[in-house]
Amino acid sequence: MTAFKTLDDIGDVTGKRVLVRVDLNVPMIEGAVSDRTRIEAAMPTIRELADKGAIVLLLAHFGRPKGAKNPTQSLSLVTGGVEDVLGHSVMFIPECVGEGAKAGIAVLAAGDVAVLENTRFYPGEETNDPAFADALAEIGDLYVNDAFSAAHRAHGSTEGLARRLPAYAGRAMEAELKALDAALGNPAHPVAAVVGGAKVSSKIDVLRHLVSKVDHLIIGGGMANTFLAARGVDVGKSLCEHDLVETANAIFDAADAAGCTIHLPYDVVVAKQFAPNPPTRTVNVHEVAADEMILDVGPAAVEALADVLKNCRTLVWNGPLGAFETPPFDTATAALAKTAAALTREGSLISVAGGGDTVAALNHAGVARDFTFVSTAGGAFLEWMEGKVLPGVDALKD
Ligand code: ADP
Ligand code: MG
């Protein structure tokens, strides 16, 4: 596992100003935080540092203010939510650099927690301007990054600051990195990957990377249609990127060369209209009619895929197997997710999943809690699946 320091290595923080990069990019309804998941995720780190007597200074972005101050995207709007979850008072400091920030911090005592203003109010944040990162570093003694979801961006509060102050991974970051390492870094083999979703075009780099890493690549969702078309299957009116058939063939070849088995559905659920509960047929992939769409993987294929998972030790999952938002096309995703959950509970499988729609699909199937780890970090999770170096993580390495 990549070496990085955690809160276990941080030493005595009493009275020290610890800049903690967290994810406070929470959804709001009528001025109130409507989903506290991200605030809750940061709590173990915030509480641990506050309990150890640090002056905890929370840095985060909120929305896309594009380098200008905008009162509707002020983190003052989120401070009350942080206070509620933490259970004691949290100060808001209306700057995150300069004299204003220093004056706000000067009145804080050991164990206090403060939210600093939106880092993206400053143009130097997203350009990773050295002068801005220097200014951030001036207001703190130590740096903790607990926002994996922002780690794919080389910004001042992610990469820049980690290169200027002693830097540590927070507890949520640490858990995420450990889970991802167990899934693709140093996994127990055999490893299976499920990749689904609408389009091949959005996940070409994911597929390319996975064939070199996993033993079984299970392709489902709309993107499977492009691979079926590459194999000469007539997919009718299904979503299919015919211009990517060459790309699909290159991925088949790369899988062959790497000893990775690609699994495509051999039976599918089709309909003539994409609407809730339309008339459907379950057919062999070679029997799709010209006016039909493939909207889910069929039951025979799901059973075969369950057998693949039973023989695997590790699973990484991104993308639903079917158009899961529209019943009954959630069936295959829910069934395979339940198998993965059961194998995880039995202790025979390490299961890691991520992606906006994937998390929604696993919640819908009621199994998200049974997976070993479910990442809510959209873009960062996908870039990690592509094998990219995440600048915010890279900067934590010692
Ligand atoms: P994630 O957000 O987890 O990365 P994606 O955004 O790649 O997942 O894919 C999710 C979308 O793919 C869903 O909206 C789902 O309806 C769609 N999808 C899955 N299978 C099909 C299919 N056979 N035809 C059309 N759309 C599909
Ligand atoms: Mg999506």
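**Exercise 1.** In this predicted model, find how many bridges join strand E12 to strand E14 (residues 293-297), and in which sense the two run.

*Solution.*
Step 1. The count between E12 and E14 is four bridges, and the two strands run antiparallel.
Step 2. One position to check is Val268, which stands opposite Val297 in E14.
Step 3. E12 has a further partner, strand E13 (residues 280-284), with which it pairs in the antiparallel sense over five bridges. Here Ala271 has Thr280 of E13 as its bridge partner.

**Exercise 2.** Determine which residues of E12 point one way and which the other, and whether they are buried or exposed.

*Solution.*
Step 1. In a regular strand, side chains alternate between the two faces of the sheet.
Step 2. In E12, Asp267, Val269 and Ala271 point one way, while Val268 and Val270 point the other way.
Step 3. The cut-off for buried is under 20% relative accessible area. Five of the five residues in E12 (residues 267-271) are buried, and the strand is mostly covered.

**Exercise 3.** Describe where ligand 1 sits and which elements supply at least two residues each of its shell.

*Solution.*
Step 1. Ligand 1 occupies the largest pocket.
Step 2. It is surrounded by 18 residues, the closest being Ala198, Lys203, Glu325, Asp357 and Thr358.
Step 3. Helix H9 (221-230), E14 and helix H13 (356-364) each supply at least two residues of this shell. The most come from H13, with three residues.
Step 4. Nitrogen atoms of ligand 1 lie 3.1 Å from a backbone N or O atom of Ile294 and 3.4 Å from a backbone N or O atom of Ala323. On the side chain of Glu325, an N or O atom is 2.5 Å from an oxygen atom of ligand 1.
Step 5. On its own, ligand 1 has 580 Å² of accessible area, of which the protein covers 82%.

**Exercise 4.** Locate the cis peptide bonds at Pro190 and Pro328, and the positive phi values of Glu30 and Asn277.

*Solution.*
Step 1. Most peptide bonds are trans, and most residues other than glycine have a negative phi.
Step 2. His189 and Pro190 are joined by a cis bond with omega about -5 degrees; Pro190 lies in the loop between helix H7 (171-185) and strand E9 (191-195).
Step 3. Pro327 and Pro328 are also joined by a cis bond, with omega about 5 degrees. Pro328 is in the loop between strand E15 (314-318) and helix H12 (331-346).
Step 4. Glu30 has a phi of about 50 degrees and belongs to the loop between strand E2 (28-29) and strand E3 (32-33). Its relative accessibility is 82%, so Glu30 counts as exposed.
Step 5. Asn277 has a phi near 45 degrees and is in the loop between E12 and E13. Asn277 counts as exposed because its relative accessibility is 56%.

Notes: Residues numbered from 1 in each chain as written. Chains lettered and ligands numbered in written order. Predicted model: local features only at pLDDT ≥ 70, side-chain atom pairs only at ≥ 80, totals over all residues. Heavy atoms only, no water. Buried < 20%, exposed > 50% of the residue type's maximum accessible area, 1.4 Å probe, protein only. Pairing = 2+ DSSP bridges. Near = heavy atom within 4 Å. Polar contact = N/O pair within 3.5 Å; in protein donor to acceptor, adjacent residues only side chain to side chain. Areas by Shrake-Rupley, 256 points an atom, 1.4 Å probe, with all protein chains shown as cover. 1 Å grid on protein atoms, 1.4 Å probe; cavity = no way out; pocket = protein on both sides within 12 Å on 5 of 7 lines; lining within 4 Å. Sits in = over half its atoms within 2 Å of the grid points.
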